[in-house]
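The following exercises practise the reading of a protein model, each with a worked solution. Please consult the sequence and the structure while working through the steps.

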Amino acid sequence: MADRKKVIEIIRAIGVRMEECKDELTQLDQPIGDSDHGINMARGFHAVNQKLEQLADQDIGAMIKSVGMTLVSTVGGASGPLYGSAYMKAGMTLAGKTEMNQADFLEMMRAATEAVMQRGKAVAGEATMLDAMLPALKAMEAAAAAGKTTKEMLADGVTAAWAGTEHTKDLIATKGRASYVGERGLGHQDPGATSFSYMLAVIAEAYC
Amino acid sequence: MVGIVIVSHSENLAKSVIELTSMMAGEARIAPAGGLEDGSFGTSFEKIQTAIESVYSDDGVLILMDMGSAVMTTEMVLEMMDKEKVAMVDCPLVEGAVVATIAAVGGQDFETIRRELAGVGTSKKIY
């Protein structure tokens with residue numbers, strides 16, 4: 001399904017996408033946050049990309065964990081510890097593996113989502129990245145249970161992630177910087193949910 | 001003496017909080033961890049780590065944060081750091097820093113200062 005080479009290719013592609021949507025993410029962060037989400041994510045993945053070559057001979061778990069460590073130390077905003085914890089916990093589920101299959105991917109996603117919940121002390125419905133992650137995970141679990149292929153499962157996950165992201169417009173943020181904006185945040189799409197959806201979309205495009 | 005670390009999204013704010021504490025507790029072991037490496041807004045894992053190490057002793061270190069990622073990033077530093085008596089305190093940044101440094105210079109121990117800081121958020125400014 002995905003070997004080490006593929007994982008590196010996907011991580012690199014996530015970096016490219018973060019650079020491409022940098023301005024969009026930053027603009028989304030302007031009315032409800034501190035206008036840095038795009039800049040932070042692009043900076044984090046730029047640092048990740050510079051280390052990718054050194055990771056080539058490590059197992060997938062170590063690679064993904066290392067992505068998390070780099071994000072924690074370079075992103076600079078709340079998405080640093082959040083995505084950092086997500087990738088670190090995700091990596092732990094893949095320790096020692098040089099290939100990942102559908103079940104591995106789901107287990108990794110579950111660990112990543114739990115890591116974000118734990119680090120952010122957040123749940124569904126608070127207008128955060130979890131409002132994309134949780135529906136995506138649920139859709140992918142359902143797809144796998146229904147016997148769909150990994151490609152179909154990822155496509156379902158991406159659809160659910162974007163629907164969840166869209167839904168953050170109707171939610172009042174109670175966590176993070178947006179909670180200071182309160183009801184005035186209604187109508188605004190969450191930047192973290194958006195960046196997660198882009199990330200999953202990149203994985204779906206590359207994974208087969 | 002218990003060490004104090006000020007974590008803020010702003011490099012200037014972290015430094016200024018320390019400047020303010022020096023009015024009453026100039027000898028305090030206190031270090032700033034404000035902003036990112038290039039001086040822009042944000043919280044830096046490495047700056048926080050370095051600041052903690054710079055004021056660390058067996059007496060311990062208490063950390064005061066401004067908000068959001070300052071809390072989460074500090075939490076991660078603590079999880080990865082293998083040190084005893086290093087903890088975050090949930091209190092207003094400026095008042096907490098003043099109370100903490102006076103108490104530390106006065107020779108109070110880690111747990112006592114920690115307890116004292118927990119009450120800072122409930123003290124009144126306007127009577």
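**Exercise 1.** Determine in which helix His46(A) is found, and decide whether His46(A) counts as buried, partly exposed or exposed.

*Solution.* Step 1: the model is a predicted one. In this model, His46(A) belongs to helix α3 of chain A, which covers residues 37-55.
Step 2: His46(A) has 14 C-beta neighbours inside 10 Å. A residue is buried at 20 or more such neighbours and exposed at 12 or fewer, with partly exposed in between. His46(A) therefore counts as partly exposed.
Step 3: His46(A) and Leu137(A) are 91 residues apart along the chain, and their C-alpha atoms are separated by 27 Å.

**Exercise 2.** Locate Thr168(A), classify its burial, and state which residues Thr168(A) touches.

*Solution.* Step 1: Thr168(A) is placed in the loop between α8 (150-167) and α9 of chain A.
Step 2: within 10 Å there are 28 other C-beta atoms, so Thr168(A) is buried.
Step 3: when residues up to four places away in sequence are not counted, Thr168(A) touches Ala127(A), Asp131(A), Gln189(A), Asp190(A) and Ala193(A).
Step 4: a further distance concerns His188(A), which is 20 residues from Thr168(A) in sequence and 7.2 Å from it in space, C-alpha to C-alpha.

**Exercise 3.** Examine phi and the exposure of two loop residues, Ser35(A) and Lys121(A).

*Solution.* Step 1: Ser35(A) is not a glycine, yet its phi is positive, at about 55°. This residue sits in the loop between α2 and α3 of chain A.
Step 2: Ser35(A) has 17 C-beta neighbours inside 10 Å and therefore counts as partly exposed.
Step 3: Lys121(A), also a residue other than glycine, has a positive phi near 50°. Its place is in the loop between α6 (102-120) and α7 of chain A.
Step 4: the number of C-beta neighbours inside 10 Å is 10 for Lys121(A), so this residue counts as exposed.

**Exercise 4.** How are α2(A) and α9(A) oriented, and which residues make their contact?

*Solution.* Step 1: helix α2 (residues 22-32) and helix α9 (residues 191-206), both of chain A, pack at about 160°, and their axes are 9 Å apart.
Step 2: an angle over 145 degrees counts as roughly antiparallel. Therefore α2(A) is roughly antiparallel to α9(A), and their crossing is right-handed.
Step 3: α2(A) contributes Leu25(A), Leu28(A) and Asp29(A), while α9(A) contributes Pro191(A), Thr194(A) and Ser195(A).
Step 4: by class, the contact of α2(A) with α9(A) has 3 nonpolar, 2 polar and 1 charged.

**Exercise 5.** Describe the packing of α1(A) with α9(A) in terms of orientation and residue classes.

*Solution.* Step 1: helix α1 (residues 4-20) of chain A packs with α9(A) at about 135°, with the axes 9 Å apart.
Step 2: the two helices, α1(A) and α9(A), are therefore oblique to each other. Their crossing is right-handed.
Step 3: the contact involves Glu9(A), Ile10(A), Ala13(A), Ile14(A) and Arg17(A) of α1(A), together with Tyr198(A), Met199(A), Val202(A), Ile203(A) and Ala206(A) of α9(A).
Step 4: these residues of α1(A) and α9(A) comprise 8 nonpolar, no polar and 2 charged.

**Exercise 6.** State which residues touch the most other members of the largest nonpolar core, and list the contacts of Leu64(B).

*Solution.* Step 1: the largest nonpolar core has 97 residues, of which Ile4(B), Val5(B), Ile6(B), Val7(B), Leu64(B) and Ala100(B) touch the most other members.
Step 2: helix α7 (residues 130-145) of chain A supplies the largest share of this core, 9 residues.
Step 3: apart from neighbours within four places in sequence, Leu64(B) is in contact with Ile4(B), Ile6(B), Val7(B), Val89(B), Cys91(B), Leu93(B), Gly96(B), Ala97(B) and Ala100(B).

**Exercise 7.** Analyse the side of chain B that touches chain A by its elements and by its residue classes.

*Solution.* Step 1: chain B gives 13 residues to the contact and chain A gives 14 residues.
Step 2: on the side of chain B, α2 (45-55) and α3 (69-80) are the elements that give two or more residues. The most come from α3(B), with 5 residues.
Step 3: the classes on this side of chain B are 5 nonpolar, 6 polar and 2 charged residues.

How values were computed:
Residues numbered from 1 in each chain as written. Chains lettered and ligands numbered in written order. Predicted model: local features only at pLDDT ≥ 70, side-chain atom pairs only at ≥ 80, totals over all residues. Axes fitted to C-alpha atoms, helices over the stretch in contact; angles between N-to-C directions. Helix = DSSP H or I, 4+ residues; strand = E, 2+ residues; numbered from the N terminus. Parallel < 35°, antiparallel > 145°, perpendicular 65-115°, else oblique. Left-handed = near helix turned anticlockwise from the far one by under 90°. Contact = placed C-beta atoms within 7 Å. Nonpolar A, V, L, I, M, F, W, Y, C, P; charged D, E, K, R; others polar. Core = buried A, V, L, I, M, F, W, Y, C linked by C-beta atoms within 7 Å.
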